[in-house]
Amino acid sequence: MSVEKGHLDSFKHKCCEDLYQKLYILVFPCTLTVFVIYVPQNEDTEQQIIRETFHLVSKRDENVCNFLEGGMLIGGSENRLIYRHYATLYFVFCVDSSESELGILDLIQVFVETLDKCFENVCELDLIFHVDKVHNILAEMVMGGMVLETNMNEIIIQVDAQNKMEKSEAGIAGAPARAVSAVKNMNLPEMPRNINIGDISIKVPNLPSFK
Amino acid sequence: MALKIVKGSIDRMFDKNLQDLVRGIRNHKEDEAKYISTCIDEIKQELKQDNIAVKSNAVCKLTYLQMLGYDVSWAAFNIVEVMSSSKFTYKRIGYLAASQCFHESTDVIMLTTNQIRKDLSSPNQYDTGVALTGLSCFVTPDLARDLANDIMTLMSHTKPYIRKKAVLIMYKVFLKYPESLRPAFPRMKEKLEDPDPGVQSAAVNVICELARRNPKNYLSLAPLFFKLMTSSTNNWVLIKIIKLFGALTPLEPRLGKKLIEPLTNLIHSTSAMSLLYECVNTVIAVVWLSVLKYLGLLAMSKILKTHPKSVQSHKDLILQCLDDKDESIRLRALDLLYGMVSKKNLMEIVKKLMLHVDKAEGTTYRDELLTKIIDICSQSNYQYITNFEWYISILVELTRLEGTRHGHLIASQMLDVAIRVKAIRAFAVAQMATLLDNAHLLTGNTQHSGICEVLYAAAWICGEFSEHLEDPMATLEAMLRPKVATLPGHIQAVYVQNAAKLFSTVLCGQEGAPADSKVAQETSQLLIDRLPVFVQSDNLEVQERASCILQLVKYIQKLQQKDVEVAEEVTALFAGELNPVAPKAQKKVPVPEGLDLDAWINEPPSGSESEDEGRKTKGKAVFAREESRHTKPRYTEVDEKELAKRREVRKAEQANNPFYIKASPSSQKVRTASSPNRQLVLWMPMSDQYVKLEEERRQKNKADRKKDKKKRREKGRQRRGDSGPESEEDITPAHMVDIVTEEMPENALPINSSLTSRCITDVCDIQGNLHDGSQVVVSVIFENKCDSFIKSMEFNVMDSLNSKLQRPEGAGPHDSLTVPFHLPPGISSEARFIFSVQSIVMPQKLKGTLTFIVKDSSTHEKLDFKLHFTCTSYLITTPCYSDAYAKLLESGDLKGSSLKLEGINQPFHHLLARICFHHHFSVVERIDSCASMYSRSIQGHHVCLLVKTADQTVSIDAKCDEPGLLRNVLDEIKLTFSQC
């Protein structure tokens with residue numbers, strides 16, 4: 001695609017073909033948890049993409065490579081699914097050929113480590129119940145499908161700053177809400193918190209009791 | 001009022017928040033849809049309230065539902081409301097919802113323009129941040145156009161957090177509103193050198209994305225990126241830059257060289273696998289392309305050894321490598337081609353190589369090409385050549401190369417092919433005659449170049465096979481031109497000798513027609529005129545031959561003048577055909593009796609070793625003699641090594657000698673697979689145009705062969721069944737002949753044959769002749785398996801010293817016998833041939849050929865085979881009475897030998913029947929598990945066997961007055977049982 005002076009028309013023309021670009025991020029436990037698509041689709045297509053991706057990724061063996069050639073649904077062979085599997089969680093990025101495969105694997109690792117820091121030993125349930133927080137963290141890392149920041153410390157600083165702002169805004173009025181929320185959380189059947197992402201081995205032994 | 005607020009917040013506490021919704025959905029697995037629809041109703045209620053906190057909570061839940069696949073576009077306006085809240089908490093929720101739910105077609109987006117602009121210029125950097133993040137997801141062309149300027153301003157914001165987001169979102173803006181690219185680009189370029197690594201990284205991201213689409217326009221940024229690559233420590237940025245260089249270098253080759261150093265540094269220093277990978281990737285793509293090509297070819301040659309098929313599919317690629325400007329790559333590719341040829345692609349590959357020969361600069365490479373062409377063609381005994389005429393013309397074409405060192409190689413190939421492929425001779429001779437005629441072209445200016453060696457071959461071929469020459473006179477004249485005297489001596493010698501051969505041919509041709517005797521005399525005169533030049537040669541060989549032949553011709557001329565017919569006598573000088581001899585032929589000549597090849601002819605000179613020992617044993621002179629006896633075997637040991645070494649040398653010599661037929665592994669394989677009553681379907685190969693047909697046929701043929709084998713086995717079983725174990729003596733001796741195709745004939749057929757398929761089955765029985773002690777009768781069953789009529793079959797066997805085919809009186813020793821019948825398709829018939837055998841002690845293999853004409857074709861087709869005379873076939877079943885048998889054993893004239901067979905689990909009488917059947921014995925006496933057997937050879941040798949069996953073990957004690965014969969018979973018995 002031409003982008004320099006004098007070729008602007010052709011650039012415009014090609015834009016419409018550029019349907020799928022950049023990342024989808026899907027975080028699966030056994031059911032879908034977090035799902036971000038940076039190229040707006042209608043809901044049906046999105047759900048189809050998720051189902052297909054989940055289907056593709058979950059049936060793969062543990063010891064095969066972390067890359068999958070994309071099907072037609074995710075934009076043909078130009079695009080690839082790159083995933084990492086942590087216990088019951090799959091982190092799947094769908095990227096086009098301009099991204100480095102191993103670079104994205106590193107990025108997933110950064111993402112997971114950042115989640116681990118922000119949630120203090122992240123577990124599957126954190127992701128399930130705090131989708132909004134996951135989104136906020138991801139927004140500091142990936143913006144509109146493009147990688148914004150790969151430095152974990154920088155991401156955490158920004159996320160913390162925003163959370164602090166949120167708290168100060170809630171002020172006194174927010175306190176009762178937080179208390180209620182804490183009480184509600186206590187009702188939860190014991191939340192397993194023994195997930196250690198640092199060495200990438202997430203164990204969620206109590207999960208079945210969590211239905 | 002304050003109370004109201006507090007009350008509102010307390011109400012809110014018990015509203016469902018996002019966590020409650022998630023929990024609820026998880027608790028309502030069965031009626032999820034129903035539960036969610038009630039939730040949506042609740043949300044709708046909440047959205048109707050004025051309280052922004054309640055609204056934002058509802059929007060937050062909607063975002064989650066949207067993710068689950070529910071349509072929430074109806075709430076778009078409420079999302080905008082939440083977005084425009086002054087509080088960051090709600091604003092963030094609103095923008096998140098917008099980024100998830102808004103599409104380009106969402107109409108409320110146009111209401112957001114002002115709100116977003118306000119947020120972008122907000123003093124709170126996080127307000128700006130979430131606005132940018134949200135916008136990046138739902139930016140439309142309109143938004144891009146309206147906000148481009150605002151975002152461009154933000155690119156120079158004081159906060160790096162804003163700058164990096166603004167830089168990154170510009171890519172989206174460019175996509176939606178390309179007009180913004182030109183004004184924004186200078187600033188974007190500036191950001192590549194931003195002090196903040198995050199901003200830098202974002203700028204690199206954007207520019208790499210743009211450059212990926214059109215690398216050419218970004219070449220000018222290469223120095224900047226180069227600087228970044230050497231200074232940046234951010235892996236992500238480095239990966240992006242390296243990927244960008246990967247796209248740029250094909251456009252600007254000079255970049256490649258510059259990149260080597262920083263890339264190598266990175267490869268050595270980085271610990272990040274991903275960066276390393278991308279470095280290597282780029283290195284592969286651009287920098288060391290040629291190195292990789294070379295390594296790739298090298299790897300392929302390794303793969304070729306184990307998986308030839310997989311490499312063959314890359315033939316075109318490898319042929320392309322021949323065009324490479326790097327010589328070592330071309331040589332590698334050549335090596336690969338050698339292993340890749342097959343019958344199908346040989347011609348194509350050689351044709352391509354010939355093109356390269358024409359183009360090639362530098363003699364070294366051209367010579368390499370030449371040797372490779374010849375190697376490729378001649379490998380595995382010309383296995384891949386389907387058309388020898390083509391090969392000869394290739395060779396002739398190669399002679400046109402100037403200044404090659406490999407003239408002798410071409411020459412030896414010409415000789416080899418012309419001698420071994422009879423069908424090609426006429427063509428080869430014609431080509432060689434032309435070559436001789438144009439000899440001046442070869443020798444013209446490059447007198448000392450190796451190519452004139454070719455003339456050596458040409459002259460010899462023309463002389464030896466002069467009967468194929470169309471105009472021997474012209475060739476003779478060409479060979480006697482004065483210029484020949486400038487050729488190297490050994491070539492001149494061949495010229496002179498073969499001129500004489502040609503002379504005899506000319507005489508032969510002329511004297512048939514008496515009117516032309518004048519021409520014959522002119523020929524003599526020509527020789528007499530021209531030969532003196534050679535007589536004066538400074539080369540002894542040339543001189544000697546020339547003067548000898550000159551005198552001969554002078555004498556012939558005298559006779560001619562007296563009108564004496566001399567042609568026949570002259571021809572006799574060169575009579576006899578030169579036959580190729582297999583390298584192992586020597587083995588087939590039986591060692592004369594009494595000759596011990598291992599024995600010393602003269603005692604070996606005493607080596608230093610024995611001297612040492614002699615010194616040691618000096619004191620004990622008494623034992624000296626004994627000592628020396630001990631050392632003797634040691635000498636033979638050394639000698640064996642020496643022999644093996646010599647054998648190797650001899651093999652190497654033979655391999656280089658065109659007059660030897662190299663042993664072909666395939667034929668050996670066939671030979672070892674011999675079985676009783678075996679037969680082989682021999683089948684004829686086709687002209688190369690039918691390569692495909694050939695394959696099909698081959699498969700069909702395989703199937704046929706299997707069928708036939710079965711048939712034969714059944715037949716054999718039947719016979720055995722008929723005779724039964726009781727009537728052992730009635731079993732008729734039947735024995736087999738191995739007919740083995742040789743390697744050569746397969747492709748040696750003339751290519752102009754348009755026949756498709758011919759198969760002939762030969763099955764032979766060899767049987768001794770009772771009436772004559774030195775005769776063996778071989779019955780051959782010919783079966784025509786093709787669809788055409790076969791006629792003029794001629795059977796010929798190459799006689800060995802020991803065995804000779806008996807031919808009618810007056811026939812020469814090499815004449816073939818006519819088979820007295822024709823074969824219509826599908827018919828088989830039997831012919832008997834008598835062989836005279838001198839020694840029957842050793843088994844023998846005779847090589848033979850069957851020539852025949854398939855109807856509608858004028859050419860003779862040839863089928864090579866081997867006759868295997870086993871020692872058993874010299875035995876004749878002769879009944880013997882037990883008392884005579886006992887007398888025989890007592891006489892003491894017989895020498896003994898024994899054999900043990902293990903693991904035989906057939907009944908004893910079957911075992912006896914087998915020996916009787918296959919080895920022509922008769923049972924003299926049988927007591928329980930013990931039997932005595934007897935047979936007699938055609939030369940009257942007695943063979944006695946005592947067969948005992950116990951526990952699957954059969955021991956055979958045998959006696960015979962000829963130990964050699966006995967040994968071989970026992971070996972054959974062993975073979976029979978090892979095959980069952």
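User: In the largest nonpolar core, which residues touch the most other members?

Analyst: In this predicted model, B:F102, B:F138 and B:F225 do, out of the 104 residues in that core.

User: And which helix gives the largest share of this core?

Analyst: Helix α10 of chain B, residues 160-176, with eleven residues.

User: What is B:F225 in contact with, leaving aside its neighbours within four places in sequence?

Analyst: B:L192, B:V204, B:I207, B:I241, B:L244 and B:F245. Another core lies apart from the one that holds B:F225. That other core has 96 residues, including B:Y365, B:V454, B:V484 and B:L487.

User: How many residues does chain B have, and what share is buried?

Analyst: Chain B has 980 residues, and 49% of them are buried. The chain has 41 helices and 15 strands.

User: Switching to strands. What is the order in the open sheet of four?

Analyst: β6-β4-β8-β9 in chain B, with antiparallel pairing. Strands β6 (817-818) and β9 (860-869) stand at the edges with a single partner strand each, so one side of each has no neighbour in the sheet.

User: How many bridges are there between β8 and β9?

Analyst: Ten, in the antiparallel sense, with β8 covering residues 844-854. B:Q844 stands opposite B:F869 of β9(B).

User: Salt bridges next. How many does the structure hold over all chains?

Analyst: It holds 22. One of them joins B:R92 to A:E166, with the closest N and O atoms 3.3 Å apart. That pair crosses between chains, from helix α6 (residues 88-101) of chain B to helix α6 (residues 152-187) of chain A.

User: Is B:R92 buried or exposed?

Analyst: B:R92 counts as buried, because its relative accessibility is 6% and the cut-off for buried is under 20%. A:E166 is partly exposed at 25%.

User: What does B:D194 pair with?

Analyst: B:K191, in a salt bridge at 3.6 Å, N to O. B:D194 is buried, with a relative accessible area of 6%, and B:K191 is buried at 9%.

User: What about B:R420, which residue is its salt-bridge partner?

Analyst: B:D416, with the closest N and O atoms 3.3 Å apart. The two are four residues apart in helix α24 (residues 407-420) of chain B, so about one helical turn separates them. Both are buried. Elsewhere, B:D437, B:E477, B:R481 and B:R530 are joined into one network by salt bridges that share partners.

User: Last one, the surface. Which residues make the nonpolar patch of about 360 Å²?

Analyst: B:F77, B:M110 and B:L111. Of these, B:L111 lies in helix α7 of chain B, residues 109-120.

Definitions and conventions. Residues numbered from 1 in each chain as written. Chains lettered and ligands numbered in written order. Predicted model: local features only at pLDDT ≥ 70, side-chain atom pairs only at ≥ 80, totals over all residues. Heavy atoms only, no water. Patch = residues over 30% accessible without salt bridge, like charges linked within 9 Å, V, L, I, M, F, W, Y side chains within 5 Å. Areas by Shrake-Rupley, 256 points an atom, 1.4 Å probe, with all protein chains shown as cover. Salt bridge = Lys/Arg side-chain N within 4 Å of Asp/Glu carboxyl O. Buried < 20%, exposed > 50% of the residue type's maximum accessible area, 1.4 Å probe, protein only. Core = buried A, V, L, I, M, F, W, Y, C linked by side-chain atoms within 4.5 Å. Contact = heavy atoms within 4.5 Å. Pairing = 2+ DSSP bridges.
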